[in-house]
Amino acid sequence: MLIELRRLTVAVPPGTVICLVATEPAAPLDLAAWCHLTGHTYFGPVDGTERPTYAMRTTAGGVPTDPARPWNPVR
């Protein structure tokens, strides 16, 4: 999930809202933590969707992360 999300965040312009379908039970916690780590804005669950969907907005100047391990900031 985070590998795909990282790929998306570097491919879209800042300010883009991404809605991610994630069925993993830890997804809400992982996404919130990853957004906090990288500086992106986490909106949380999207109401009215059939599958668990979470929204976030990309931010200019976010902290870059390792492409293979997006939970690790690039130093």
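Helices and strands are here taken as DSSP runs, of at least four residues for a helix and at least two for a strand, and they are numbered from the N terminus. On this basis the elements of the chain, in a model that is predicted, follow the order α-β-α-β-β from the N terminus on, which comes to 2 helices and 3 strands. The radius of gyration of the chain is 12 Å, close to the 11 Å that the globule rule gives for 75 residues, so the chain is as compact as a globular protein of that length. Along its principal axes, the C-alpha trace spans about 40 × 25 × 20 Å. Of the 75 residues of the chain, 28% count as buried, and among the contacts between residues at least 6 apart in sequence, 58% join residues at least 24 apart.

The largest nonpolar core is made up of 11 residues in all, namely L2, L5, I18, L20, A22, A27, L31, W34, C35, Y54 and M56. Two or more residues of this core come from each of the elements α1, β1 (17–21), α2 and β3 (53–57), and the element that gives the most is α2, with 4 residues.

Two members of the core may be described through their contacts, with neighbours up to four places away in sequence set aside. L31, whose place is in helix α2, has a relative accessible area of 2% and is therefore buried, given that the term applies under 20%. Beyond its neighbours within four places in sequence, L31 is in contact with M1, L2, L5, L20, Y42 and Y54, and among these L2, L5, L20 and Y54 are also listed in the largest nonpolar core. The C-alpha atom of L31 is separated by 9.7 Å from that of F43, a residue 12 places away along the chain. I18, another residue of the core, touches L5, L8, T9, V12, Y54, A55, M56 and T58, when residues up to four places away in sequence are not counted.

Strand β1 also holds C19, which, with neighbours within four places in sequence left aside, is in contact with V46, T53, Y54 and A55. The contacts of C19 thus include Y54 and A55, and both of these residues appear in the list for I18 as well. The C-alpha atoms of C19 and R69, in contrast, are separated by 21 Å, the two residues being 50 apart along the chain.

The largest pocket has a volume of about 180 Å³. Of the 15 residues that line this pocket, T9, V10, H40, G62 and V63 are the closest to its centre. The elements that give two or more residues to the lining are α1 (2–11) and α2 (27–38), and α1 gives the most, with 3 residues. By class, the lining consists of 7 nonpolar, 7 polar and 1 charged residues.

Two of the residues closest to the centre of the pocket, G62 and V63, are also touched by T38, together with T65, when residues up to four places away in sequence are not counted. T38 has its place in helix α2, and at 1% relative accessibility this residue counts as buried, because the limit for that class is under 20%. Helix α2 accordingly figures both among the elements that line the largest pocket and as the element that gives the most to the largest nonpolar core.

Key
Residues are numbered from 1 along each chain as its sequence is written. This is a predicted model: local features need pLDDT of at least 70, side-chain atom pairs count only at pLDDT 80 or more; totals for chains, interfaces and linings use all residues. Side-chain values use heavy atoms; hydrogens and water are left out. On a 1 Å grid over the protein atoms alone, a cavity is a set of points where a 1.4 Å probe fits but cannot get out, and a pocket is an open set with protein on both sides within 12 Å along at least five of seven lines; lining residues have an atom within 4 Å of a point. Grid points are joined across faces, edges and corners, and a volume is the space filled by probe spheres set on the points. Ala, Val, Leu, Ile, Met, Phe, Trp, Tyr, Cys and Pro count as nonpolar, Asp, Glu, Lys and Arg as charged, and the others, Gly among them, as polar. A nonpolar core is a set of buried Ala, Val, Leu, Ile, Met, Phe, Trp, Tyr and Cys residues joined through side-chain atoms within 4.5 Å. Buried means under 20% relative accessible area, exposed over 50%, partly exposed in between (1.4 Å probe, protein chains only). Contact means heavy atoms within 4.5 Å. The radius of gyration is taken over C-alpha atoms; the globule rule is 2.2 Å times the number of residues to the power 0.38.
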